[in-house]
Each structure stands twice: as C-alpha cells, then as structure tokens.
Amino acid sequence: MAVRVMLADDALLFREGLARLMGEAGFEVTGQCGDAERLLILARSHRPDVAVVDIRMPPTYTSEGLDAARRLRAEHPGLGVLLLSQYVETHHAMTLVRDACAATGGAGYLLKDRVTRLSELAEAVRRVAAGECVVDPGLVSRLVSRPRSSTVLEELTGRESQVLALMAEGRSNSAIARNMGLSHKTVEAYVRNVFDRLGLALSEDDNRRVLAVLAYLRAS
C-alpha cells in the first residue's frame with residue numbers, strides 16, 4: 001500500500017508543487033492545509049502515515065508547525081512527522097529529534113532546498129514512515145564544522161568522523177557500511193570507538209543514538 005502523506009505549508013504554490021512531487025513518487029496525498037490548526041483537524045479524520053509540516057506557519061510564523069507536530073505525535077502514536085524549514089534551525093531540529101526518542105513513529109528535519117531533489121525527499125518520507133529518524137545532511141555538516149571549545153572530536157580518526165556524521169543523519173550501521181564501502185563488522189567497530197571517545201552509552205535504539213550524537217555536537 002502507498003504511504004499516506006498529509007502536507008501543511010502556508011505557501012500554496014509550494015504546497016501544490018510538493019503534492020505533485022509526492023504523487024509522482026508513489027505516495028498518496030490524503031490532505032493539504034495552510035495552517036497548524038487545520039492540520040490537526042485533518043489528521044484526526046484522514047489518519048496519514050506521515051505529516052510533512054513547515055516549521056513556520058500562521059499566525060506568528062515562528063514555531064506553529066513544530067508545536068502542531070508535537071501535538072500530532074501525542075494524539076496519534078506511530079504517526080511520522082517530517083519538518084521542513086527554509087533555514088538551518090538547530091533548536092527546532094533538536095527538539096524534534098529529542099521528542100522522537102520518547103515516542104513511537106519516525107521523525108525528520110529537512111531543509112526546503114532538499115525538496116527539489118525528489119529521490120532524497122522520497123527516501124526521507126519513506127524512512128520516517130518506517131519509524132526512522134532523518135536529519136538533513138546540511139544541518140549535520142554545519143554542526144560538525146562549527147568551531148568548538150572542546151577538543152574531543154579532534155581525537156576521532158577520519159573514518160570515525162565520517163561514521164559520526166552519517167550516524168547524526170540517522171543512518172543505520174548497514175546504511176553506513178553501504179555508503180562507505182565497508183563491512184558491517186568494521187562499521188560496528190567504528191561506532192563503538194566513536195561512542196567510547198565521546199563518552200556516550202551504546203544503545204540498540206537508533207533514535208537514541210542520533211539524539212546522543214546531535215546533543216553532543218550541539219553542546220560542544
């Protein structure tokens with residue numbers, strides 16, 4: 001069955017274009033709206049698998065989309081939420097990822113520039129629908145390259161730094177192995193090394209792993 005997607009963005013042309021792209025990628029668009037309150041109403045009646053939501057919506061254009069996403073996840077356990085943003089908003093991304101670790105259902109954060117790349121957008125929606133956590137590579141790159149007072153990251157080898165960046169995007173060990181052309185066992189060893197060096201506890205929960213890595217990167 002096609003993944004059922006609901007779209008919430010106040011920009012009509014962007015929303016219509018996104019709906020067309022979603023349809024071309026094989027998703028079923030169950031509803032569209034331009035404000036957070038309407039999103040909550042539609043979600044109760046249409047029961048989508050994933051809600052794709054702009055962070056900034058009327059009336060104040062601050063965090064209405066994020067607030068609505070958090071309410072949706074509370075009201076509909078298992079619902080995936082993919083947040084879209086025009087800008088890199090670290091605080092909002094971190095809030096979503098932290099919430100994802102305390103609930104069922106996938107969660108994600110993408111920059112709107114990524115939406116024009118249909119394959120990347122479709123992959124993100126499918127991963128969120130499958131319960132995974134997705135973080136825009138642009139946000140990860142910005143966090144990793146940011147000047148920091150801590151020297152802990154400097155202790156990582158080049159391979160370990162690559163693994164850390166891919167973990168922060170929400171990639172599983174298998175996905176990292178494919179991306180880097182390594183064996184699964186080798187990646188597992190790198191992951192253990194990264195967590196050991198950063199002083200982070202290992203977890204079988206991929207969402208908690210992403211939370212731990214991003215929390216470290218943001219706080220450093």
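This report walks through a predicted model of a protein, from the whole chain down to a few single residues.

**The whole protein**

Let's begin with the big picture. The protein has 220 residues, and 50% of them count as buried. Its secondary structure comes to ten helices and six strands. The accessible surface adds up to about 10,200 Å², and carbon and sulfur atoms hold 50% of that area. Contacts can also tell you how a chain folds back on itself. Among the contacts with a separation of 6 or more, 72% join residues that are 24 or more positions apart. If you go looking for disulfides, a search of the whole structure finds zero.

**Two helices to follow**

Now find helix α1, which covers residues 12-24. You can check its length with a little arithmetic: at 1.5 Å a residue, its 13 residues should span 18 Å, and the end C-alpha atoms are indeed 18 Å apart, so the two values agree. Which residues of α1 are buried? They are R15, L18, A19, L21 and M22. Looking down the axis of α1, you would see these buried residues fall within an arc of 165 degrees, so they line one face of the helix. On the other side of α1, L13 and E24 are exposed. The cover over the buried residues of α1 includes the strands β1 (4-8), β2 (28-33), β3 (50-54) and β4 (80-85), together with helix α5 (118-129). After α1 comes G26, with a positive phi near 95 degrees.

Helix α5 can be checked by the rule of 1.5 Å a residue: its twelve residues should span 16 Å, and its end C-alpha atoms are 16 Å apart, which agrees. The buried residues in α5 are L121, A122, A124, V125, R127 and V128. What lies over them? The cover for the buried residues of α5 includes α1, along with β1, β3, β4, β5 (107-111) and β6. Just after α5, G131 takes a positive phi of about 95 degrees.

**Three buried residues**

Let's zoom in on single residues. A residue counts as buried when its relative accessible area is under 20%, and the table lists three that pass this test.

| Residue | Relative accessible area | Class |
|---|---|---|
| V140 | 2% | buried |
| C133 | 3% | buried |
| C33 | 3% | buried |

Where is C133? It sits in strand β6, made of residues 133-135. C133 and A107 are 26 residues apart in sequence, while their C-alpha atoms are 4.9 Å apart in space. With a relative accessibility of 3%, C133 counts as buried because that value is under 20%.

V140 belongs to helix α6, which runs over residues 137-145. Which residues does V140 touch, leaving aside those up to four places away in sequence? They are V135, A165, A168 and E169. From V140 to M167 there are 27 residues along the sequence, and the C-alpha to C-alpha distance is 9.6 Å. At 2% relative accessibility, V140 counts as buried too.

**Looking back**

Try tracing these parts in the structure above. Start from α1, whose buried residues have α5 as part of their cover. Then turn to α5, where the cover of the buried residues includes α1. End at V140 in helix α6, with A165 and A168 among the residues it touches.

Key: Residues are numbered from 1 along each chain as its sequence is written. This is a predicted model: local features need pLDDT of at least 70, side-chain atom pairs count only at pLDDT 80 or more; totals for chains, interfaces and linings use all residues. Side-chain values use heavy atoms; hydrogens and water are left out. Helices (H or I, at least four residues) and strands (E, at least two) are DSSP runs, numbered from the N terminus. Buried means under 20% relative accessible area, exposed over 50%, partly exposed in between (1.4 Å probe, protein chains only). Contact means heavy atoms within 4.5 Å. The expected span of a helix is 1.5 Å times one less than its number of residues. The arc is that of the directions from the helix axis to the C-beta atoms. A disulfide is a pair of cysteine sulfur atoms within 2.5 Å. Accessible areas come from the Shrake-Rupley method with a 1.4 Å probe; for residues, only the protein chains shown count as cover.
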